[in-house]
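Hi everyone, and thanks for making time for this. I'd like to walk you through a structure that may be new to you, one piece after another. Let me put it up on the screen.

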Amino acid sequence: MNTQFTSTAITAAGLTIGIALLLVEHFRWWKTGGGGAAAGGGGGNRDPKALIPFWFGIAFGTLMVACPAGLLGTAAGFLRWGGNSIGDFLMSTLTGQKSSTVAAAAAPRLDSNGALIVTAIVITLFLLRRQIAKVAKGRFKWGVVAGTLLAIGTGTFAVIGQLVVPSVNSAGAALIGNIVHGEIL
């Protein structure tokens, strides 16, 4: 397991934006049952599968933060910068308080095996982009933003990063072992 970490600071205000995105998506799911307008807004039949695109986005956002460089790592840094900036502006405008940094480095880094899995996910998503429903794409995108702001934070949210990144690194190692070297687990 690779013990190196990536470093991308997150402020309390950026974390607040991530929490707000998480709450909004779950509120919408609770209110509509996950079926959108077709559910009638009654909230009676809450289908947890409706949250899969959002949570997949959170996992992917976590993996983006774990990228040490490249387009995904740069995009994660940009999303964190944007979340921190917007959050800081809103916090200081609404409350008069400035935000402080809450986490500077908590993401285990993707290794070359994990990068294999992430690259395969990106290629798959790109090739299937026209077959994915618009609502699912939107939930995924908001999940990615929330994931870059939340999942490699502190406390409870750090658990997500500590589970996702090493698991992807291990899955990539198993894939290489099975396909390239013919090792059976």
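Let's begin with helix H4. H4 has 16 residues, and at 1.5 Å a residue they should span 22 Å; the end C-alpha atoms are 22 Å apart, so expectation and model agree. And do keep in mind that this is a predicted model.

Which residues of H4 are buried? They are Gly 114, Ile 117 and Val 118. If you look down the axis of H4, its buried residues fall within an arc of 95°, so they line one face of the helix. On the other side of H4, you'll find Ser 112, Phe 126 and Leu 127 exposed. Phe 126 has a partner worth pointing at: the charged end of Arg 129 sits over the ring of Phe 126, 4.1 Å from its centre.

Now let me step back to the chain. It has six helices and four strands, and along the sequence they follow the pattern β-β-α-α-α-β-β-α-α-α. The chain has 185 residues, and 36% of them are buried. Here is a number I like: of the contacts with a separation of 6 or more, 80% are between residues 24 or more positions apart.

Let's go back to Val 118, one of those buried residues of H4. What does Val 118 touch, if we don't count residues up to four places away in sequence? The answer is Phe 60, Leu 63, Leu 72, Leu 110 and Val 168.

That brings us to the nonpolar cores. The largest one has 15 residues, and those with the most contacts inside it are Phe 60, Leu 63, Leu 110, Val 118 and Val 168. Four elements give two or more residues to this core: helix H2 (52-66), helix H4 (112-127), helix H5 (134-150) and helix H6 (156-179). The most comes from H2, which gives five residues. Apart from this core lies another, of eleven residues, including Leu 15, Leu 21, Leu 22 and Leu 149.

Three of those names take us to helix H1, so let's turn there. H1 covers residues 12-32, and its 21 residues should span 30 Å at 1.5 Å a residue; the ends are 30 Å apart, C-alpha to C-alpha, which agrees. Its buried residues are Ala 13, Gly 14, Leu 15, Gly 18, Leu 21, Leu 22, Glu 25 and Trp 29.

Keep Ala 13 in mind while we look at Met 91, which is found in helix H3. Met 91 and Ala 13 are 78 residues apart in sequence, yet in space their C-alpha atoms are 6.6 Å apart. Leaving aside neighbours within four places in sequence, Met 91 is in contact with Ala 13, Thr 16, Gly 96, Gln 97, Lys 98 and Ser 99. Met 91 counts as partly exposed, because its relative accessibility is 23%.

While we're on H3, let's talk about rings. The structure holds five aromatic pairs. One of them is Phe 78 with Trp 81, a tilted pair with 5.7 Å centre to centre and 35° between the planes. These two are three residues apart in H3 (residues 70-95), which means about one helical turn separates them. In general, an α-helix has 3.6 residues a turn, so residues three or four places apart point the same way. Are these two rings' residues buried or exposed? Phe 78 counts as exposed, because its relative accessibility is 53%, and Trp 81 counts as exposed at 54%. Elsewhere, ring pairs link Phe 56, Phe 60 and Phe 140 into a cluster.

Phe 140 leads us to helix H5. H5 has 17 residues and reaches 24 Å from its first C-alpha to its last, close to the 24 Å expected at 1.5 Å a residue. Its buried residues include Arg 139, Phe 140, Gly 143, Val 144 and Leu 149. Gly 138, also found in H5, is partly exposed at 28% relative accessibility. Gly 138 is 84 residues from Phe 54 in sequence, while their C-alpha atoms are 8.3 Å apart in space.

My last stop is a strand. Pro 108 is found in strand S4, residues 107-108, and counts as buried because its relative accessibility is 6%. Its C-alpha lies 9.1 Å from that of Val 65, 43 residues away along the chain.

Thanks for listening, and I'm happy to take questions!

Conventions:
Residues numbered from 1 in each chain as written. Predicted model: local features only at pLDDT ≥ 70, side-chain atom pairs only at ≥ 80, totals over all residues. Heavy atoms only, no water. Buried < 20%, exposed > 50% of the residue type's maximum accessible area, 1.4 Å probe, protein only. Core = buried A, V, L, I, M, F, W, Y, C linked by side-chain atoms within 4.5 Å. Contact = heavy atoms within 4.5 Å. Expected span 1.5 Å × (residues − 1). Phe/Tyr/Trp six-rings, centres within 6.5 Å; stacked < 30°, edge-to-face > 60°. Lys NZ or Arg CZ within 6 Å of the ring centre and 35° of its normal. Arc of directions from axis to C-beta.
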